[in-house]
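This report introduces a structure to a reader who has not met it before. It treats the ligand and its surroundings, then the open and enclosed spaces, and finally some points of backbone geometry.

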Amino acid sequence: MERKEIVELINKAEEKCSEEFDRIDSLEFLYSNKVLDAFQKNNVSEGCFNGTTGYGYSDLGRDTLELIYKDIFNAEDAIVRNQFISGSHALAKTFFALLRPTDLLLSISGTPYDTLHEVIGIKDNNSSLKSFGIKYDEIDLVDDDFDYSKIEDYLNNNKVKVIEIQRSKGYSTRKSITIDKIEKVAKLIKSINKDIIIMVDNCYCEFTEEKNPIEVGCDICVGSLIKNLGGGIAPNGAYVVGRKDLIELVGESLTLPGEGKEVGPSLGINKQFYQGLFLAPSVVASSLKVATLTACVLEELGYDVSPKYNEARPDIVQNIIFNNSDMLIKYVQGIQKGSPVDSNALPLPWDMPGYDDQVIMAAGCFTQGSSIELSCDGPIRPPYIAYQQGSLTYTYGKLGLIKAIEEITRG
Ligand SMILES: *Cc1c(COP(=O)(O)O)cnc(C)c1O
């Protein structure tokens with residue numbers, strides 16, 4: 001297709017998406033308001049941007065930021081650190097913090113995210129939870145919803161310590177899980193046994209719906225700072241929010257027993273964490289709009305997409321189902337061509353650590369692996385789905401989309 005033709009197509013799609021865009025604007029307002037309130041309530045000052053070194057005792061910026069995260073999530077406590085490499089590391093640390101030998105971990109959203117397979121022991125590893133005698137089981141979703149009766153039956157017959165829920169779809173073909181469904185299942189779990197710890201993998205889902213998992217009855221929630229809440233500014237890191245006693249355990253798991261959250265130098269990173277969080281409501285809104293537009297345009301071009309442009313959008317991820325490996329590869333290469341960094345690099349499928357299939361990845365990003373920046377990836381396996389997410393601004397996302405469409409419609 002000619003560029004002019006593509007631009008016309010996109011202009012039409014934008015009109016069609018106007019109701020969705022309005023809804024996204026109100027989310028941006030809601031969360032900007034929350035973030036600003038939390039900054040003001042906790043007296044963010046220039047001093048917060050100075051980091052500590054060494055042990056990192058009394059790091060004003062770090063401690064204040066954690067109060068801000070706690071307030072934004074309506075949680076009892078939070079830990080937000082650059083010592084977490086990324087979301088996967090924070091998820092692993094949280095599992096090891098909460099579980100002891102002979103305890104049982106249950107996933108109720110099917111098989112967890114690829115990087116957790118060796119952590120749990122679904123795939124053998126000498127340092128897995130399984131190697132420490134921690135048991136694991138999973139219950140699949142049915143029709144993109146929890147299997148409520150099976151969960152009830154399972155909990156009545158087994159002593160479960162931690163339940164894991166992954167909101168975003170990961171590299172699966174299911175839909176991401178809305179907060180309403182999480183509320184419903186959390187009520188069910190707590191009605192059977194209030195002591196079960198409900199842990200949520202919240203990656204990609206921050207600021208996409210009006211409530212968060214802690215506000216609907218979950219105990220602890222984990223996310224990556226190279227995704228939504230880093231706002232494209234945080235160069236690495238992750239957060240965990242939730243019940244105070246549980247966050248204390250996570251702190252001792254991340255650093256060391258006896259010191260926990262009290263140590264951990266922020267070095268020079270505080271300002272970036274603050275500025276990233278400050279921008280996050282707008283960057284998530286841009287990402288949601290680019291995802292919505294992509295769904296609308298690609299569907300117009302005859303591709304199957306999930307979610308559709310006017311469906312619920314509990315995360316920033318857009319799937320395009322190509323049913324053809326060549327088209328998937330071309331689309332991903334097009335997104336790379338439309339990127340600000342490494343636009344001349346040609347991504348090819350490769351064996352990524354932590355993932356089972358070969359993966360192709362477009363990541364012309366300022367931060368390596370950042371997926372709050374416009375990025376697109378997909379495992380090379382049927383039905384050849386592109387997982388596209390992010391965009392620091394709406395317009396840059398639109399330009400990336402134009403390039404990708406040029407690639408897949410080239411004769
Ligand atoms: C991205 C992601 C992770 C891992 O986060 P990283 O920061 O990439 O380590 C875990 N779970 C889900 C659902 C994700 O999308």
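## The shell around the ligand

In this predicted model, the residues of the shell around the ligand comprise 5 nonpolar, 5 polar and 2 charged. The residues that surround the ligand are S86, G87, S88, L91, Y113, Q166, D201, C203, Y204, S224, I226 and K227. Helix 4, which spans residues 87–98, supplies the largest share of this shell, with 3 residues.

## Polar approaches to the ligand

Which atoms of the ligand lie 2.7 Å and 2.9 Å from polar side-chain atoms of S88 and K227? In each case the partner is an oxygen atom of the ligand: the distance is 2.7 Å for a polar side-chain atom of S88 and 2.9 Å for a polar side-chain atom of K227. For D201, the partner is a nitrogen atom of the ligand, at 2.6 Å from a polar side-chain atom of that residue. On its own, the ligand has 380 Å² of accessible area, and the protein covers 93% of this area.

## The largest pocket

The site occupied by the ligand is the largest pocket. This pocket holds about 1,200 Å³ of space. Its lining is made up of 49 residues, and those closest to the pocket centre are T115, I226, M352, Y355 and G369. Of these, I226 also belongs to the residues that surround the ligand.

Several elements give two or more residues to the lining of the largest pocket: helix 4, helix 5 (117–120), strand 10 (359–362), strand 11 (375–379) and strand 12 (385–389). Helix 4 gives the most, with 4 residues. By residue class, the lining of the largest pocket divides into 21 nonpolar, 20 polar and 8 charged residues.

## Enclosed cavities

How many cavities of 30 Å³ or more are found in the whole structure? The search finds 3 such cavities, and the largest cavity has a volume of about 90 Å³.

A total of 14 residues line the largest cavity, and Y31, F73, E206, F207 and N212 are the ones that lie nearest its centre. The lining of the largest cavity consists of 6 nonpolar, 3 polar and 5 charged residues.

## Backbone geometry in the loops

Most peptide bonds are trans, and most residues other than glycine have a negative phi. Against that background, two cis peptide bonds may be pointed out here. One of them runs from S306 to P307, with omega near -5 degrees; P307 is located in the loop between strand 8 (304–306) and strand 9 (317–321). Another cis peptide bond joins P382 and P383, with omega of about 0 degrees. P383 is part of the loop between strand 11 and strand 12, and both of these strands also give residues to the lining of the largest pocket.

Where does N74 lie? N74 is found in the loop between helix 3 (60–73) and strand 1 (77–81). The phi of N74 is near 55 degrees, a positive value in a residue other than glycine.

Note on methods
Residues numbered from 1 in each chain as written. Predicted model: local features only at pLDDT ≥ 70, side-chain atom pairs only at ≥ 80, totals over all residues. Heavy atoms only, no water. Near = heavy atom within 4 Å. Polar contact = N/O pair within 3.5 Å; in protein donor to acceptor, adjacent residues only side chain to side chain. Areas by Shrake-Rupley, 256 points an atom, 1.4 Å probe, with all protein chains shown as cover. 1 Å grid on protein atoms, 1.4 Å probe; cavity = no way out; pocket = protein on both sides within 12 Å on 5 of 7 lines; lining within 4 Å. Sits in = over half its atoms within 2 Å of the grid points. Nonpolar A, V, L, I, M, F, W, Y, C, P; charged D, E, K, R; others polar. Points joined across faces, edges and corners; volume = space filled by probe spheres on them.
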